[in-house]
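Subject: A structure for you to look through

Dear colleague,

I am passing on the structure below, and after it you will find my notes on what turned up when I went through it. Please keep it open while you read, so that you can look up each place as it is mentioned.

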Amino acid sequence: MMDELARQGICGGNMRLWTRGVDHERFSPDRRSLDWRRERGIGDDDVLIAYAGRLVAEKNMKLMSRVFAALKARGCAHRTILLGDGPEAGWMRKAMPDTVFAGFLHGDDLATGYASSDLFFFPSITETFGNVTLEAMASGLPAVNVDATGSRSLVMEGETGYLVAEQDEALLADRLAELVLDSAK
């Protein structure tokens, strides 16, 4: 991209590469911990769907709540955990009483939270990059994300997860259910 911008005469020599990525030694499936799961009431065989990030309206928390409710209504055996905290937590605790609210985690605790989960769900449409998606995938989790800018460049459809239109709540639940059933095998 720097070469392309330079060819177009944009920014001249006043550019530098800003890399993004995750530490694969920290964010790794090797951090999976049954003890971590058990401490939070998650069974060894439960399929655990994680969200990571701030619990704020712009991350599409209401959509997440509806999709989790749809999975439950279908009788899809799973558990949910939110790795994060924020101002939306109050109503979310009431709307999603079976969800584990792990609170704000960082560093090795966050990495263990990802690796101890089985799937990643990210409903945000406001991301410019979506580092949490990379962290989840580096931890070995397939991702189901809303098809939006920050996720579109990271999730490889059908390979590392699924991208689904925000308006298609039924398909979001379908994709999660498919992965729950696959994980349970």
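The buried residues of helix α6 are Val132, Thr133, Glu135, Ala136, Met137 and Ala138, and since this is a predicted model, please read that statement and those below as descriptions of a prediction. With 6 of its 8 residues buried, α6 is mostly covered, and the elements that cover those buried residues include β1, α5, β4, β5 and α7, the last of which spans residues 149-152. After α6 comes Gly140, which has a positive phi near 95°.

Helix α5, residues 107-115, can be described in a similar way, for its buried residues are Leu110, Ala111, Thr112, Gly113, Tyr114 and Ala115. Among the elements that cover them are α2 (34-39), β1 (48-52), β2, β4 (119-122) and α6. In general, an α-helix has 3.6 residues a turn, so residues three or four places apart point the same way.

In the loop between α5 and β4 you will find Ser117. Is Ser117 buried or exposed? Its relative accessible area is 2%, and because buried means under 20%, Ser117 counts as buried. Leaving out neighbours within four places in sequence, the residues in contact with Ser117 are Arg32, Arg37, Leu48, Ala50, Ile81 and Leu141. Ser117 and Ser33 are 84 residues apart along the chain, while their C-alpha atoms are separated by 9.2 Å.

Next comes the sheet. In what order do the strands of the open sheet lie? The sheet has 6 strands with parallel pairing, and their order is β3-β2-β1-β4-β5-β6. At the edges are β3 (100-101) and β6 (161-164), each of which pairs on one side only. Strands of a sheet pair through backbone hydrogen bonds, either parallel or antiparallel. Two of the pairings can be followed in detail: β1 and β4 run parallel and are joined by 2 bridges, with Ile49 having Leu119 in β4 as its bridge partner. Helix α3 packs on this sheet, where it touches β1, β2, β4 and β5 (143-146), and its direction makes about 175° with that of β1. The other pairing is that of β5 with β6, which also run parallel and are joined by 4 bridges, and here Asn145 stands opposite Leu163 in β6. Along β6, Gly161 and Leu163 point one way whereas Tyr162 and Val164 point the other way, and all of them are buried.

Helix α3 itself covers residues 61-73, and Ser65 is found in it. Ser65 is buried, because its relative accessible area of 11% is under the 20% cut-off. Not counting residues up to four places away in sequence, Ser65 touches Trp91, Ala95 and Met96. In the loop between β1 and α3 lies Asn60, which is buried as well, with a relative accessible area of 13%. The phi of Asn60 is near 70°, which is a positive value in a residue other than glycine.

Finally, there are the pockets. Rolling a probe the size of a water molecule over the atoms shows where empty space is left. The largest pocket holds about 210 Å³ of space, and its lining is made up of Phe68, Ala69, Lys72, Cys76, His78, Arg79, Thr80, Ala95, Met96, Pro97, Asp98 and Thr99. Which element supplies the largest share of this lining? That share, 3 residues, comes from α3, and both α3 and β2 (79-83) supply at least two residues each. Sorted by class, the lining of the largest pocket has 6 nonpolar, 3 polar and 3 charged residues.

The second largest pocket has a volume of about 180 Å³, and of the 14 residues that line it, Lys59, Glu127, Gly130, Asn131 and Val132 are the closest to its centre. Helix α6, residues 131-138, gives the largest share of this second lining, 3 residues. By class, the lining of the second largest pocket divides into 4 nonpolar, 5 polar and 5 charged residues.

With best wishes

Key:
Residues are numbered from 1 along each chain as its sequence is written. This is a predicted model: local features need pLDDT of at least 70, side-chain atom pairs count only at pLDDT 80 or more; totals for chains, interfaces and linings use all residues. Side-chain values use heavy atoms; hydrogens and water are left out. Buried means under 20% relative accessible area, exposed over 50%, partly exposed in between (1.4 Å probe, protein chains only). Contact means heavy atoms within 4.5 Å. On a 1 Å grid over the protein atoms alone, a cavity is a set of points where a 1.4 Å probe fits but cannot get out, and a pocket is an open set with protein on both sides within 12 Å along at least five of seven lines; lining residues have an atom within 4 Å of a point. Grid points are joined across faces, edges and corners, and a volume is the space filled by probe spheres set on the points. Ala, Val, Leu, Ile, Met, Phe, Trp, Tyr, Cys and Pro count as nonpolar, Asp, Glu, Lys and Arg as charged, and the others, Gly among them, as polar. Two strands pair if DSSP finds at least two bridges between them. Axes are lines fitted to C-alpha atoms, for helices over the stretch in contact, and angles run from 0 to 180 degrees between N-to-C directions.
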